[in-house]
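Here's a quick tour of one protein chain, written for someone just getting started. Have a look at the fold first, then work through the points below.

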Amino acid sequence: MFEKNLENIYENYDAFLIDMYGVLYDGSGFFDGTLELLRKMKNSGKKIIILTNTTIISKSCKENYLKKGLIESVHYDLFISSGEAFKQTLQDYIPNAKTYFQAFHPNNDLFKESPLTESNSIEESDFVYVGYLNAGKKIYIADDLKDKSGNIIPLDNLTSIDCHYIQDFEEISGLLDTCLKLKKTLVVANPDLFALELISTNEFSTRRPVLCQGAIGEFYEKMGGKVIYFGKPYSAVYNFAKRFLSKNEKTAMIGDTLWTDILGGNIAGFDTILTLTGVSGEFLKHLDQKSDIKDKIEFLLENISSKMTHKNLLPYSQIPTHVIERFAGNY
């Protein structure tokens, strides 16, 4: 079950769905050995599909990563973002919608060539699209949020608290109150609760867990609101990816998060491979580094996953087929 990296596993599969952040990319660059291994896998005939929970459309993602050395047809075959799946399948999941309102940072690329019309009023919209929270505004560091009493909210309890009792959350809670009063559906194209991003100051740079749109969906559901999700672990993005896979191809999903990558891959019927970098590494760094791998996985499953998983998906398995320390190379 456990390997140092993918070298001893990938020959057993025909195709891979691979998460980006925390698996291939650390927020500033690719992990050591990643591009070399991707090239080697491609040259051996493996189909490689990047599957990532970002609302940026695939074309822009590919252009951004090309600048950092990731080359289409050399390192991968297809790039699918949750935003791209949203853009191309929206009308399958919200067939009667005609108007939308964009909350927080707008993402107009998602609605280009769409028959939908943007509204400047929540009241007049058929649904509310939840945009990126942090662009040009306050950055919500997920492990630095405090309740009204000044207590730090533990990362694994992030969405267990009523959002009205979180400090500096007036904009978010006010929006959700309005949506709930008007019985509006939220559309979330990135179900992640948080993502590790590089935060820079004049003195230093560090990777921190930054609040994502999935957390807003969770807060709204706890208030009694309705949310439609696009992206891992939900089936819409996996169904979209299956369009590019053959039924006779043995496929594995590789990711760093049990409650998105592994859960969604298991539900979709793929083998799953967990990397102990990225999100997993963020929680495991607090454990004794000499702990047995089984103990580490049990810790994640028993103490973290149940708190981070959307309730309707709790019955499904998050146990990976394989566990690797990292995608490529050694520590």
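Which helix is Glu302 found in? Glu302 sits in helix H9, which covers residues 293-308. Keep in mind that this is a predicted model, so everything below describes a computed structure.

**A charged patch on the surface**

- Glu302 has company: together with Asp292, Asp295 and Glu298, Glu302 makes up a patch of negative charge on the surface.
- Is Glu302 buried or exposed? Glu302 is exposed, because its relative accessible area is 58% and anything over 50% counts as exposed.

**Helix H7, tucked inside**

- Now look at helix H7, residues 258-268: 9 of its 11 residues are buried, so the rest of the structure largely encloses this helix.
- Which residues of H7 are buried? They are Leu258, Trp259, Thr260, Asp261, Ile262, Leu263, Gly264, Gly265 and Ala268.
- What do those buried residues pack against? Their partners are three helices and two strands: H6 (235-242), H8 (278-284) and H9, plus E12 (251-255) and E13 (271-275).
- Just after H7 comes Gly269, and this glycine takes a positive phi of about 95°.

**Tyr316 and its contacts**

- You'll find Tyr316 in the loop between H9 and strand E14 (322-324).
- Tyr316 is partly exposed, with a relative accessible area of 43%.
- Which residues does Tyr316 touch, if you leave aside neighbours within four places in sequence? Tyr316 is in contact with Leu263 and Ile267, and Leu263 is one of the buried residues of H7.
- For a sense of distance, try Tyr316 and Gly33: they are 283 residues apart in sequence, and their C-alpha atoms are 33 Å apart in space.

**Backbone oddities**

- Which two residues does a cis peptide bond join? The bond links Lys232 and Pro233, with omega at about 10°.
- Pro233 belongs to the loop between strand E11 (227-229) and H6.
- Glu113 isn't a glycine, yet its phi is positive, at about 65°.
- Where does Glu113 sit? Glu113 is in the loop between strand E5 (99-103) and strand E6 (117-118), and at 81% relative accessibility it counts as exposed.
- Asp168 is another residue other than glycine with a positive phi, in this case near 60°.
- Asp168 lies in the loop between strand E7 (127-130) and helix H4 (170-181), and it is partly exposed, with a relative accessible area of 45%.

**Salt bridges**

- How many salt bridges does a search of the whole structure find? The search turns up 14 salt bridges.
- One of them pairs Lys4 with Glu325, with the closest N and O atoms 3.2 Å apart.
- That pair links distant parts of the chain: Lys4 is in the loop between strand E1 (2-3) and strand E2 (15-18), while Glu325 is in the segment after E14, 321 residues apart.
- Lys4 is partly exposed, at 48% relative accessible area.
- Lys59 and Glu63 also form a salt bridge, at 2.8 Å from N to O.
- How far apart are Lys59 and Glu63 along helix H2? They are 4 residues apart in this helix (residues 58-66), which means about one helical turn separates them.
- Lys59 counts as exposed at 54% relative accessibility, whereas Glu63 is partly exposed at 38%.
- Asp143 and Arg208 make a salt bridge too, and their closest N and O atoms are 2.8 Å apart.
- Asp143 lies in the loop between E7 and H4, and Arg208 is in strand E10 (residues 205-211), so this salt bridge ties together parts that are 65 residues apart in sequence.
- Asp143 is partly exposed, with a relative accessible area of 25%, and Arg208 is partly exposed as well, at 26%.
- Which residues do salt bridges with shared partners join into one network? The network consists of Asp19, Lys232 and Asp261.
- Two of those names have come up already: Lys232 takes part in the cis peptide bond, and Asp261 is among the buried residues of H7.

Methods: Residues numbered from 1 in each chain as written. Predicted model: local features only at pLDDT ≥ 70, side-chain atom pairs only at ≥ 80, totals over all residues. Heavy atoms only, no water. Patch = residues over 30% accessible without salt bridge, like charges linked within 9 Å, V, L, I, M, F, W, Y side chains within 5 Å. Areas by Shrake-Rupley, 256 points an atom, 1.4 Å probe, with all protein chains shown as cover. Salt bridge = Lys/Arg side-chain N within 4 Å of Asp/Glu carboxyl O. Lys, Arg positive; Asp, Glu negative; His and termini not counted. Charge placed at Lys NZ, Arg CZ, Asp CG, Glu CD. Buried < 20%, exposed > 50% of the residue type's maximum accessible area, 1.4 Å probe, protein only. Contact = heavy atoms within 4.5 Å.
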